[in-house]
Amino acid sequence: MTRIRKIVLTEDEMPRQWYNLAADVKCPPFMSPDGPVPPEAWESVFPMNLVEQEYSTQRWVDIPEEILNLLTRWRPAPMHRAYDLEKALGTPAKIYYKNESLSPAGSHKPNTAVAQAWYNKQFGTKKLTTETGAGQWGSALSFACSLVGLECKVFMVRISFDQKPFRQLMMQTWGGECVASPSTETQAGRAILEKTPDTPGSLGIAISEAIEAAVTDPSGTTKYSLGSVLNHVMMHQTIIGLEAKKQLEKVGEKLPDVIIGCAGGGSNFAGLAFPFTLDKINGAEIDIIPVEPVSCPTLTQAPYVYDHGDTAKMTPLVAMHSLGHGFVPPPIHAGGLRYHGMSPLVSRAVEDGLMAPRSIHQLECYKAGVLFAKTEGIIPAPETTHAIAAAIQEANKAKEEGKEKVILFNFSGHGLMDLVGYDKYFKGELSDHEFPIDEIAKNHEVLKGYPKP
Ligand SMILES: *Cc1c(COP(=O)(O)O)cnc(C)c1O
């Protein structure tokens, strides 16, 4: 057998350290009206061991042995060579993908969920609250909490709550409790329901509710957990790219020419891309491409500003690309890509010219997802189809140029819980929305008095 389709690592070969891009890309600090926000200000929201990681600029951080042990339930994740997709495209490019769909929750999200649950357990936390869009993060955190022995409460964006009953059942099976957001359980939720009772909800609203639920628990042992965006989350995900480096080496590849990931809050993209971003900082030529939907174009259309991470403005100001904290995205099927903001590190790296974001319409993405399923076999999550569509664009470009490029993308999750979106696509019920650009200016009016990063 000369053709290796899956490049696998043994558990012994797993990376022992995470890479922290904050050592090499400098982000402006979190801000409040009183100036930069010190670590202590987060005390009621996050455990201090994770706050320390959030503020850390140490380049390499040891992964605790116990977390490695939790990760070995599904890691190392295989890297696949997409021979059959290449053949279907007739491209000279070599396409590789990291398969993050094999985790118990079906995506990359458990990589940080188990780390966050473990650090919280160490700290003495009894219960975690969180938000979830498509339900991927809520199920990942419910799974992680069940492993380490924490309670878990999930505020799920209304539209996904209605569309994805099976995600709710996954959470329930792992012992998590899930309610639709906006809910009547928090002030933030009640205020929004009063104004807009029919709202489909948004991640920004669900985050407000989850933070409120954590900080108002009088016992002080409930903390909040965020599945993306923050520096420590990006860092936990870098195990993806660090494994990928070892795997490429095994098949004799040097650095890839192109690296691609879909970007909602930025975590799966960052996980794959950040370790290679260090090579780019050190002079390597790599095109690093975060991909987002045209209907929620945070990196490609929204300015780099200070904005809140949530709708009710409970979070400090974060320097990031943002569509505005009041933005409620259209109900597209890639629920995980509907956040108004973006990881500060990804945002800053884009500002620094290290990454070149791209937006793609949902019909092209579904078409790419179906081609992938028919050639490589795995049915991708609607979010993941954005990365596949961009990989196909790059493979077609390589064909035009007659170049044998190496393209690496992150297969962030499978779509077996998201088949309703495929159903609508097959029935011709999905369409492409042009993004109403004026909306950004409208949503940014409230940011006028804020500091500039
Ligand atoms: C949540 C999710 C995303 C988007 O989140 P990021 O933090 O940008 O990675 C992408 N793909 C899948 C499968 C997801 O579950």
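Analyst: A ground rule to start with: two strands pair if DSSP finds at least two bridges between them. Everything here comes from a predicted model.

User: Fine. What is the strand order in the open sheet of four strands, and which way do the strands pair?

Analyst: The order is β10-β9-β8-β11, and the pairing is parallel. From one strand to the next, the twist averages 25 degrees.

User: How do you know that β8 and β11 pair?

Analyst: Count the bridges. Three of them join β8 (residues 127-132) to β11, and the cut-off is at least two, so the two strands pair. They run parallel. For a spot to look at, find Lys127, which stands opposite Thr222 in β11.

User: What makes β10 and β11 edge strands?

Analyst: Each has a single partner strand, so β10 (177-181) and β11 (222-224) both have one side without a neighbour in the sheet.

User: And which helix lies across β8, β9 and β10?

Analyst: That's α5, running at about 160 degrees to β8. Angles over 145 degrees count as roughly antiparallel, so α5 and β8 fall in that class.

User: There's an open sheet of seven strands too. What is its order?

Analyst: Read it as β1-β6-β7-β17-β12-β13-β16, with mixed pairing. The edges are β1 (6-7) and β16 (358-360), each pairing on one side only.

User: How do you know that β7 and β17 pair?

Analyst: There are six bridges between β7 (residues 94-99) and β17 (residues 406-411). At least two are needed, so β7 and β17 pair. Their run is parallel, and Tyr96 has Leu408 of β17 as its bridge partner.

User: Which strands of that sheet does α12 touch?

Analyst: α12 touches β7, β12 (258-262), β13 (287-293) and β17, and its direction makes about 155 degrees with that of β12. Helix α16 also runs at about 155 degrees to β12, and it lies across β7, β12, β13, β16 and β17.

User: Why are α15 and α16 called roughly perpendicular?

Analyst: Helix α15 (residues 362-375) packs on α16 at an angle of about 85 degrees, with the axes 8 Å apart. The perpendicular class covers 65 to 115 degrees, so this pair is roughly perpendicular. On the α15 side the contact includes Glu364, Tyr366 and Phe372, and on the α16 side His386, Ile388 and Ile392 are among the residues. By class, the contact residues are seven nonpolar, three polar and one charged.

User: What makes Gly241 buried?

Analyst: Gly241 has 25 C-beta neighbours inside 10 Å, and the threshold is 20 or more, so it counts as buried. It lies in helix α11 (residues 239-250). Beyond its neighbours within four places in sequence, Gly241 is in contact with Gly271, Leu272, Ala273, Phe274, Pro275 and Phe276. Lys98 is 143 residues away from Gly241 in sequence, yet their C-alpha atoms are 8.5 Å apart.

User: On to the ligand. How many residues surround it, and which are the closest?

Analyst: The ligand is surrounded by 20 residues, the closest being Gln136, Ser228, Gly264, Gly336 and Gly413. Two or more shell residues come from each of α5 (136-148), α12 (267-281) and α16 (382-401). Helix α12 gives the largest share, three residues.

User: What classes do the shell residues fall into?

Analyst: There are 12 polar, six nonpolar and two charged residues around the ligand. Mind that Gly counts as polar here.

Terms used:
Residues are numbered from 1 along each chain as its sequence is written. This is a predicted model: local features need pLDDT of at least 70, side-chain atom pairs count only at pLDDT 80 or more; totals for chains, interfaces and linings use all residues. A residue is near a molecule or strand if its C-beta atom, placed from the backbone, lies within 6 Å of it. Axes are lines fitted to C-alpha atoms, for helices over the stretch in contact, and angles run from 0 to 180 degrees between N-to-C directions. Angles under 35 degrees count as roughly parallel, over 145 as roughly antiparallel, 65 to 115 as roughly perpendicular and the rest as oblique. Two residues are in contact if their C-beta atoms, placed from the backbone, lie within 7 Å. A residue is buried if 20 or more other C-beta atoms lie within 10 Å of its own, exposed if 12 or fewer, and partly exposed in between; C-beta atoms are placed from the backbone.
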